[in-house]
Amino acid sequence: MAQTRRLRLPPREELLYRTLLVIGILIGLVIAALPFLWMAVSSLGTAGMVIRIGFTWDMFNPLNWSLEPYIVAWKMASISKYIRTTTIYAVAVTVLATTTSSLAGYVFGRLRFPARDFLFGLVLATMMIPGSVTFLPLFILMLRLPLLGGNDIFGAGGHGLYNSYAGLILPNVVSASSIFLFRQFFRTLPKDLEDAARIDGCSEPMIWLRVIMPLSGPVVTVVALFQFQGSWNAFVWPLVMSSSERLYTISVGMYSLAYGSGSLTSMAELFQSVLLAGSVMAVLPILFLFIAFQRQFVQGIALTGLK
Amino acid sequence: MAVGTASRFQEFRAELRRSEVKWAYTLILPAVLPLLIFTVLPVLGAIGLSFTQFDAFSATMRWIGPENYGEAFRNDLFRTTIRNTLQFTVGFVPLSMAVGFTAAMLLNRRIRGISFLRGAYYLPVLTSTIAMGIAWMWLFQPQVGLVSLVLKLIGVQPKDWLNSPFTAMPAVIGVAVWKAFGGTMLIYLAGLQGIPETFYDAAKVDGAGRWQLLRFITWPLLRPVTFYLFIIGMIDSLQVFDLVMIMTEGGPAFRTTTIVHQIYLNAFKFNQMGYASAMAVVLFIAIAVLTFFNWKFFSSSLEY
């Protein structure tokens, strides 16, 4: 195929074209990757070296590298706490949202019931409501939930689910776009399979669990990956929902470190390297996931991007 | 006998139907209920709150009618905010699309290592905006940052990029484009793969060159993708927040403050929740209009 597509230019022009192409690809690669390399190398340098000299070739000499910023970041700057909180948050959101969304996707894609189209339209409509519009009223809602967190029946007196894991996780237990993705996929499966199960007396949740889900590995993976990636990086909601370091996700924690409200202010000497070490640790889990599941991430974008 | 079997069968089917409907409502409940409570209700809440003066911590609320909207339209800072957000949009949308399209054209070929290259271009999209914002702050460091060093090579004097009124917004836009172009690229690549090879073959038979193939086949056929990216890019631009928070905190002197940043500040720093809600409603309307155009375009020009 590639053969038929190639144009027959005179050899010299063809050579020039190809050279330009390679140069373009390499420039793109440098632009995309350089900030990561710079971040990684700067985080390994000892503080004095990076701040005094800035960019030098010495930075790339492994003999000058030190893991001290990482140790400081992990122990003293609470990165370990942030990572733990983020892991709990991201895993909970991923498991819950994937489950609820696939159940709803199954129902909307394969069952018939009154008001189905209306309800599905409602789900689609919520897809266009972004978190940046809802985070403020949602914050008030969580703060004033009746009978929770010391609140009375009118939601006054206490602080509801503010500053709790439940408050952090609850608004993210379902994702409308994931429902849509699951529904589209489930509609392509043959109907005979579940009918056979139904005749055998299998209930709907069992059909979902035993027949539909085992056939849906790829789409489950895509949804779970994007749920995890999104909640790992989440910033606005954890920022407004947490008032103590205990509940800081990695993004909120890094923000508070950068602007001095964390516990790092007294370590100005290592400050920059420690911040960069924290950033590397915030990025690494996603990098590993991406290396392991690159194909699924790319497919996911093609699916969600163009419906 | 035959009648009995038939009616038993009917009964069985009716039983199945009833159970199907019952289960359907049960199983969508854990999805639909949270959507109603945590997405639909807050929108109604924002609209309601925007007509009040509200303090969430002491829970005192006073109805003041459309005063918050009047305040927004009189307020110089709100005007600055809108201008900044539009400046960001005007810079970010075309640039992220142009860079993404160029990257897609570069990487739309079957060569060794292509999936590694696509992955490397795409990686910035997946990473934490806060973490990469910190890395970029360091790259923009005035004396020793890489940006200053590179620009010095072409004779540009180093300056405090993120704290100068004329360079702060371009710097934020630049990082936003860096962070987003991989996504635009992947969507363009998906579009490119949907163009039949035969179109190109036919044009080549007619003697079309590379430029003409791009101009008369690729670009026109990618128009729906371009339109989609244009709208999505605008919707994202209107909501830019993380990057501004970490890189400039809206400064210098509000030069980079954006709508969502102002919503956040007014709600959580100045305790002006009613006023912040009015801004959220304005944002919601803008996004709803853009979404409507997107939906209109795609439901009229393409069958999905």
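Here a colleague asks a modeller how the labels on this predicted model were reached.

Colleague: Let's start with the salt bridges. What makes A:E14 and B:R210 a salt bridge?

Modeller: Their closest side-chain N and O are 3.4 Å apart. The cut-off is 4 Å, so the pair counts. Over all chains the count comes to 14 salt bridges. A:E14 sits in helix α2 (residues 11-44) of chain A and B:R210 in helix α9 (residues 210-221) of chain B, so this one joins two chains.

Colleague: How many salt bridges does the rule find across the interface of chain B and chain A?

Modeller: One.

Colleague: And are A:E14 and B:R210 buried, partly exposed or exposed?

Modeller: A:E14 has 12% relative accessibility, and buried means under 20%, so A:E14 is buried. B:R210 has 27%, which falls between the 20% and 50% limits, so B:R210 is partly exposed.

Colleague: Why is the pair A:E194 and A:R198 described as about one helical turn apart?

Modeller: Because the two are four residues apart in helix α10 (residues 191-199) of chain A. Their closest N and O atoms are 2.7 Å apart, and that is within 4 Å, so the pair is a salt bridge.

Colleague: How do you know that A:E194 and A:R198 are buried?

Modeller: By the under 20% limit. A:E194 has a relative accessible area of 0%, and A:R198 has 7%, so both make the cut. They also belong to a network: salt bridges with shared partners link A:R110, A:K191, A:E194, A:D195, A:R198 and A:E204.

Colleague: What about A:R116 and A:D117: which label does each get, partly exposed or exposed?

Modeller: A:D117 is at 61%, over the 50% limit, so A:D117 is exposed. A:R116 is at 26%, in between the limits, so A:R116 is partly exposed. Their side chains meet in a salt bridge at 3.5 Å, N to O.

Colleague: On to the interface. What makes the side of chain B that touches chain A a mostly nonpolar or a mostly charged one?

Modeller: The residues there divide into 75 nonpolar, 14 polar and 11 charged, which puts it on the nonpolar side. The contact takes 100 residues from chain B and 99 from chain A. Between them the chains bury about 8,700 Å², with 77% of it on carbon and sulfur atoms. B:F38, B:W138 and B:R210 supply 10% of the area that chain B buries there, more than any other three residues.

Colleague: How many polar contacts does the rule find across it?

Modeller: It finds 17 residue pairs, both residues at pLDDT 80 or more. Helix α1 (residues 2-49) of chain B gives the most to the side of chain B that touches chain A, with 26 residues.

Colleague: Which residues have the most contacts inside the largest nonpolar core?

Modeller: They are A:I79, A:F139, A:W237, B:Y121 and B:F140, in a core of 155 residues. Helix α7 (residues 168-193) of chain B brings the largest share, 15 residues. There is a second, separate core of 34 residues, which includes A:A104, A:F182, A:V219 and B:L35.

Colleague: What is A:W237 in contact with, leaving aside its neighbours within four places in sequence?

Modeller: Its partners include A:Y89, A:F135, A:L138, A:F139, A:M142 and A:P171.

Colleague: Now the backbone. What makes A:A115 and A:N163 worth a mention?

Modeller: Each has a positive phi in a residue other than glycine: near 70 degrees for A:A115 and near 60 degrees for A:N163. Most residues other than glycine have a negative phi. A:A115 lies in the loop between α5 (79-110) and α6 (116-127) of chain A, and A:N163 in the loop between α7 (131-143) and α8 (165-169) of chain A.

Colleague: Are A:A115 and A:N163 buried or partly exposed?

Modeller: A:N163 is at 17%, under 20%, so A:N163 is buried. A:A115 is at 43%, between the limits, so A:A115 is partly exposed.

Colleague: And what joins B:G251 and B:P252?

Modeller: A cis peptide bond, with omega at about -5 degrees. B:P252 lies in the loop between α11 (242-247) and α12 (259-268) of chain B.

How values were computed
Residues numbered from 1 in each chain as written. Chains lettered and ligands numbered in written order. Heavy atoms only, no water. Core = buried A, V, L, I, M, F, W, Y, C linked by side-chain atoms within 4.5 Å. Buried < 20%, exposed > 50% of the residue type's maximum accessible area, 1.4 Å probe, protein only. Contact = heavy atoms within 4.5 Å. Buried area = accessible area lost by both parts, 1.4 Å probe. Polar contact = N/O pair within 3.5 Å; in protein donor to acceptor, adjacent residues only side chain to side chain. Nonpolar A, V, L, I, M, F, W, Y, C, P; charged D, E, K, R; others polar.
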